[in-house]
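This report describes a protein chain from its overall architecture down to individual residues. The sequence and the structure are shown first.

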Amino acid sequence: MSCWETIADYALRSQGIGERLLPRSDFTLCQQFTLIGSGMIWNIYFGVLALCMGFFLAAAVAMGKAAQNPLFRKPAEWFIFLFRGSPLFIQFFFAYFVFLSLKNVSPFFDPLTSAWAGALVVLFLNTAAYSGEIFYGALQSIPKGDIEAADAYGLSGWTRFRRVIWPTMLRLAWPAYTNEAIFLFHATTLVFFSGFPATQQRGDALYYANYFADKTFNPFVPYPILAGYFIVLTLVVISIFGLVNNRLNRHLPQDVRKKIKVRPQIIR
């Protein structure tokens, strides 16, 4: 089988399209690159959707934590404490068994026992908690002079929030939020090694890398391939977020703009 035939058979296998049976012998580099790359579709799916949905919840949580009213502040504080205080891997296991219990109550909850929905919910809540704390810190760091200037111009309420507080918060939080986005994509590799099963061997990139490592007894080929894919993905994330960062800081002189620095977390 040529490499092009391998790509045609396995490029979309993680989505249930193409050859169903995995290679059993004579593993080639093309097979490993193709199948691990196919699994990356799931990692990108989890990362992009969790990040997009988590952004809005994180902003709401940050506003809640900064509120004077304890009815808003306390739930936001406990939400952040719960998801930042427990390991993500444990959250996956706990959520899976909770969703199984809900499934017995009503068939409405059936999709939550599948990785595409249940694991996405966990990642969404987890990144919202971490990002919410980042946004809250940015809110607390907004210079008082900016608020006073807004008051001097007669801005108040929603107008002041939209024109001054919100863009300033994003500008201050964006470098740290970029690192959270990178770590979120890395954390997607935990999905199919937690309670959520891989349906018909349709796993993510780590699932296929682990398969080849077990079959060949040589982890020094599939895992570097996996790392290479994530390095490329990280560079893409940094580039996109860097463009947004430049947009947020476009009014500042070039020499005082905050640069995005990647600071990977060892463990969450």
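The report moves from the whole chain to helix packing and then to selected residues.

**Basis of the description**

The structure is a predicted model, in which local features need pLDDT of at least 70 and side-chain atom pairs count only at pLDDT 80 or more, while totals for chains, interfaces and linings use all residues. Residues are numbered from 1 along each chain as its sequence is written, and side-chain values rest on heavy atoms, with hydrogens and water left out.

**Overall architecture**

The protein chain contains nine helices and zero strands; helices (H or I, at least four residues) and strands (E, at least two) are DSSP runs, numbered from the N terminus. Read along the sequence, the pattern is accordingly α-α-α-α-α-α-α-α-α. The C-alpha trace spans about 75 × 50 × 30 Å along its principal axes. Of the 268 residues, 42% count as buried, where buried means under 20% relative accessible area, exposed means over 50%, and partly exposed lies in between (1.4 Å probe, protein chains only). Among contacts with a separation of 6 or more, 74% join residues 24 or more positions apart; contact means heavy atoms within 4.5 Å.

**Annotated spans**

The unreviewed UniProt entry places the feature "transmembrane region" at residues 44–66, 78–102, 114–136, 181–200 and 220–244. UniProt positions follow the numbering used here, feature names are shortened, and annotations may be inferred rather than shown by experiment. Two of these spans can be described from the model. Residues 114–136 are 96% helix and 0% strand, and their end C-alpha atoms lie 33 Å apart. For residues 220–244, the corresponding figures are 92% helix and 0% strand, with 36 Å between the end C-alpha atoms.

**Packing of helix 2**

Helix 2 (residues 29–66) packs with helix 1 (residues 3–10) at an angle of about 25°, with their axes 9 Å apart. Axes are lines fitted to C-alpha atoms, for helices over the stretch in contact, and angles run from 0 to 180 degrees between N-to-C directions. Helix 1 and helix 2 are therefore roughly parallel; angles under 35 degrees count as roughly parallel, over 145 as roughly antiparallel, 65 to 115 as roughly perpendicular and the rest as oblique. The crossing of helix 1 with helix 2 is right-handed, a term used if the near helix is turned clockwise from the far one by less than a right angle, with left-handed used if anticlockwise. Helix 1 contributes C3, T6, I7 and Y10 to this contact, and helix 2 contributes C30, Q31, T34, L35 and S38. By class, the contact of helix 1 with helix 2 has five nonpolar, four polar and no charged residues. In this classification Ala, Val, Leu, Ile, Met, Phe, Trp, Tyr, Cys and Pro count as nonpolar, Asp, Glu, Lys and Arg as charged, and the others, Gly among them, as polar.

Helix 2 also packs with helix 8 (residues 205–216), at an angle of about 150° and with the axes 6 Å apart. Helix 2 and helix 8 are therefore roughly antiparallel. On the helix 2 side the contact involves Q31, Q32, L35, I36, G39, M40 and N43, which meet A205, Y208, A209 and F212 of helix 8. These residues divide into seven nonpolar, four polar and no charged.

**Selected residues**

The table lists the location and relative accessibility of five residues.

| Residue | Location | Relative accessibility |
|---|---|---|
| D26 | loop between helix 1 and helix 2 | 68%, exposed |
| T127 | helix 5 | 1%, buried |
| I142 | loop between helix 5 and helix 6 | 11%, buried |
| F217 | loop between helix 8 and helix 9 | 75%, exposed |
| G242 | helix 9 | 17%, buried |

The buried residue T127 touches A50, L51, G54, E180 and L184, not counting residues up to four places away in sequence. With the same exclusion of residues up to four places away, I142 touches I147, I165, T168, M169 and L172. I142 and L172 are 30 residues apart in sequence, yet 7.9 Å apart in space, C-alpha to C-alpha. G242 and P175 are 67 residues apart in sequence and 8.6 Å apart in space, again C-alpha to C-alpha.

Backbone geometry sets out two loop positions. D26 has a positive phi of about 50° although it is not a glycine. F217, also not a glycine, has a positive phi of about 55°.
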